[in-house]
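Colleague: I'm still learning to read these pictures. Could you choose one part, look at it closely with me, and then show me how the rest fits around it?

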Amino acid sequence: MIIGVDVGGTNIDIVAFNGKFEHIATYSTKEHIPRLNEILKDLIEKLKVKAIGIGLAAWIKKGKIVKMPNISGEFRVSLSVPTILDNDANCFAYYSAKHFGFKNVIGITVGTGIGGGIVLDGRLIRGEGLAGEIGHWFVGGDEECTCGGKGHLEAYFGGWSIKKRFGKPAEDLFKEGSIYEVEGFKLLCIAVANAITLLDPEAVIFGGRIGGNLDVKILRNEIYRYLMDGFEPEILTLKDPLAVAKGAC
């Protein structure tokens, strides 16, 4: 029995894996992150858990949390079973590569923030720990990001920035059909095209509350607008809100 945990900027999702995945619970991050250690200890005892994987919306370098731009408070987990901590977008990229059967993938999560993970030859590429942080690429302007920087991609198309800039959540823009007219959408596609040119993956897979609901045809057309001939990755979405937790498993 293995537990996978997705600690995002808005929600905490927990799944169990014992031959197949089972959704255990979803909590509010803001309200429950102080209790997460206690929650996981109870699950270890109740389900006889052997190991836990945690995908955290944070910058993790050499095993240490550098910053959590979209999560307030401290994150501390000390458990009696083997525990692995990784960036949430890394977990998404790893699971999505397995799910679709690719060895070379860029995974992009767009939810409260924007994250990226890289899988090459079937292995996660972390660099010194911060590889793939596409949400904090400089795309121009001086819009302030929650990480403290300016002009970052996330500051134009992350869920928190859309709500700040338009006074309503991204879900409303989807309903209105205006999500693709947002400046940040174009910036996202340019950034992804640049990442494709750098890594030449088989596929780019989008997930998250916003990313997983983007129209694949529109995404592909806009991304390919900025690609030179020769680059032909598949553009896909994974509409699985538990993908990060499953990847953590």
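Modeller: Sure, let's take the open sheet: in this predicted model, five strands line up in the order β10-β9-β8-β11-β12, with mixed pairing. Find the two ends of that row, and you'll see β10 and β12 (234-237) at the edges. Each of these two has a single partner strand, so one of its sides has no neighbour in the sheet. Now zoom in on the β12 end. Strand β11 (residues 203-207) runs parallel to β12, and four bridges join the two. If you want a pair of residues to hang on to, try F206, which stands opposite T237 in β12.

Next, look at what sits against the sheet. Helix α3 packs on it and touches β8 (105-110), β9, β10, β11 and β12, with a direction about 50 degrees from that of β9. Helix α9 (residues 216-224) packs on the sheet too, touching β11 and β12, and its direction makes about 145 degrees with that of β12.

Let's stay with α3 for a bit. This helix covers residues 88-100, so count 13 residues along it. From first C-alpha to last it reaches 18 Å, close to the 18 Å expected at 1.5 Å a residue. Here's a handy thing to remember while you look: an α-helix has 3.6 residues a turn, so residues three or four places apart point the same way. The buried residues of α3 are D88, A89, N90, C91, F92, A93, Y95, S96 and A97. Both ends of the helix are worth a look as well. At the N-terminal end, N87 acts as a cap, with a side-chain oxygen 2.9 Å from the backbone nitrogen of A89. Just after the helix comes G101, which takes a positive phi of about 80 degrees.

Back to the sheet, and to the loop between β9 (114-120) and β10, where you'll find D121. Its phi is near 50 degrees, which is positive even though D121 isn't a glycine. D121 is exposed, because its relative accessible area is 65%. There's another case like this in the loop between α2 (36-47) and β4 (51-56), where K48 is found. The phi of K48 is near 55 degrees, again positive in a residue other than glycine, and K48 counts as exposed because its relative accessibility is 62%.

Now follow the chain on from β10 (123-124) into the loop that leads to α4 (154-157), and stop at H136. With 13% relative accessibility, H136 counts as buried, because the cut-off for buried is under 20%. So what does H136 touch? Leaving out residues up to four places away in sequence, H136 touches W59, P69, C145, C147, H152 and E154. The side chain of H152 also makes a polar contact of 3.3 Å with that of H136.

Finally, zoom out. The whole chain has 10 helices and 12 strands. Its radius of gyration is 17 Å, close to the 18 Å from the globule rule for 249 residues, so the chain is as compact as a globular protein of that length. Its C-alpha atoms fill a box of roughly 55 × 40 × 35 Å along the principal axes. Of the 249 residues, 53% count as buried. And if you take contacts between residues at least 6 apart in sequence, 60% of them join residues at least 24 apart.

How values were computed. Residues are numbered from 1 along each chain as its sequence is written. This is a predicted model: local features need pLDDT of at least 70, side-chain atom pairs count only at pLDDT 80 or more; totals for chains, interfaces and linings use all residues. Side-chain values use heavy atoms; hydrogens and water are left out. Buried means under 20% relative accessible area, exposed over 50%, partly exposed in between (1.4 Å probe, protein chains only). A polar contact is a pair of N or O atoms within 3.5 Å; within protein, one must be able to donate a hydrogen and the other to accept it, and residues adjacent in sequence count only if both atoms are side-chain atoms. Contact means heavy atoms within 4.5 Å. The expected span of a helix is 1.5 Å times one less than its number of residues. Two strands pair if DSSP finds at least two bridges between them. Axes are lines fitted to C-alpha atoms, for helices over the stretch in contact, and angles run from 0 to 180 degrees between N-to-C directions. The radius of gyration is taken over C-alpha atoms; the globule rule is 2.2 Å times the number of residues to the power 0.38.
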